[in-house]
Amino acid sequence: MTGFEWRRALSGFDPGWWGRLGDRRTVLVVVGSPAPGQPALDVARLAGTDPRLRVLFAAAPGPSSAAVEVMLRDAGAAPLRLSELADGDVGLVVTAHRIPGRPPGAPLIALPGTIPADVKHRPAPAVFTYAHHLDRPPGAEDGHVVGDSDHDRLVASLPLRDFYRRALGVVGRGLVVVALPTAGGTGPCTRCRSQDVVRRLLAELPPDLYHVLGVPEPGGDRCPGGPGVAALLRCGLGLLPPEADWRAALVAADWILGPPGPVTRYGTLTGAPVLITGPPPGDALRLFSVRLAAHRPVRPQLAEAAARWRPERVRPVADRITSEPGRFDRNMRSLMYGLLRLPQPATIPAADPVSPPFRIGVRAGEPLCPVPQGG
């Protein structure tokens, strides 16, 4: 889908609505923070292609509401406030990151990874969705395994690797993507350790041969900022803004480094070597990943990882991401239209490649602007 069509799909109120009056529905997408909001935008694409549906957006109250509004406006949407909506205005609510405190009284779909909440007393059904059948709690009658949108769109983006590298300006250089834990997703020790790793990379890797790109870890409430990251930007670090699509950076990467988390886990899908920093992970990454040694120079370790890396070694990690690979759009659309009580369009949905990435950077001698905080 092109950018022009995407903006049309998210334009909100559409005087060109067609179909019978009883077939028209409004879908409200509630986003809590930029990174977990990406799957919510993916669901909006499914609804936005049907002229019977009108897609509206709301930024959930919280520290990341400003960054969410920037992301939504950049996508061509005008976010609303939940207080502006009354019962009966919305036919379906789709939410990511957390259940809104007072959602409209309509059927609700909680995307995979949504923070649970007490929804037993809602007047309309609430359906929790899961990426893998092993994620579904035993006896969960209101849960559906739909797959993983991040997985499917990242895989669909793999053929565009060279395009994403040109967009980031790293043609002819090795791209080292480093996960930067956010303030809302981890403790200060992990953030300090990640910044120490970045300092090592910037000090030991020649900038004419390597580019170091920091990617905020999806799932936090705020992007990494403050004096620590500001100093790293002056030393040559590139920073992916929270409203940019982090999945494109993984596709473009030659190496992916970071603590156990979404960046290193989804990085196993790209074929690039994944090096774990910090404490050993407690999941399957512990058995199949490469660790960055603190007592050895970085550059030889990157060369060794690239020479010895085999994508099949992390296949158990990639297979644990979702038990429905490539079927998120199909499963989610079926669930949505069932709750909307509408027949599905006579098409087969497929995942689209993600938008090209962009980054924040500082040239030598250039004054540093404040790093966006997303709140």
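In this predicted model, G169 follows directly after helix α5 and adopts a positive phi of about 70 degrees.

Helix α5 itself spans residues 161-168, and its buried residues are Y164, R165 and L168. These residues lie on the same side of α5, because the arc they cover around the axis is only 100 degrees. D162 and R166, on the other side of α5, are exposed. The cover over the buried residues of α5 is drawn from several elements, including helices α4 and α8 and strands β7 and β8. Their residue ranges are listed below.

| Element covering the buried residues of α5 | Residues |
|---|---|
| α4 | 149-157 |
| β7 | 174-180 |
| β8 | 210-216 |
| α8 | 246-252 |

A separate topic is the open sheet, which is built from six strands in the order β2-β1-β3-β4-β5-β6 with parallel pairing. The edge positions are taken by β2 (53-59) and β6 (143-145). Each of these two has a single partner strand, so one side of each has no neighbour in the sheet. From one strand to the next, the twist averages 25 degrees.

At the β2 edge, seven bridges join β2 to strand β1 (residues 25-31) in the parallel sense. Within this pair, L28 has L56 in β2 as its bridge partner. Helix α3 (residues 65-74) packs on the sheet and touches both β1 and β2. The direction of α3 makes about 150 degrees with that of β2.

Technical notes:
Residues are numbered from 1 along each chain as its sequence is written. This is a predicted model: local features need pLDDT of at least 70, side-chain atom pairs count only at pLDDT 80 or more; totals for chains, interfaces and linings use all residues. Side-chain values use heavy atoms; hydrogens and water are left out. Buried means under 20% relative accessible area, exposed over 50%, partly exposed in between (1.4 Å probe, protein chains only). Helices (H or I, at least four residues) and strands (E, at least two) are DSSP runs, numbered from the N terminus. The arc is that of the directions from the helix axis to the C-beta atoms. Contact means heavy atoms within 4.5 Å. Two strands pair if DSSP finds at least two bridges between them. Axes are lines fitted to C-alpha atoms, for helices over the stretch in contact, and angles run from 0 to 180 degrees between N-to-C directions.
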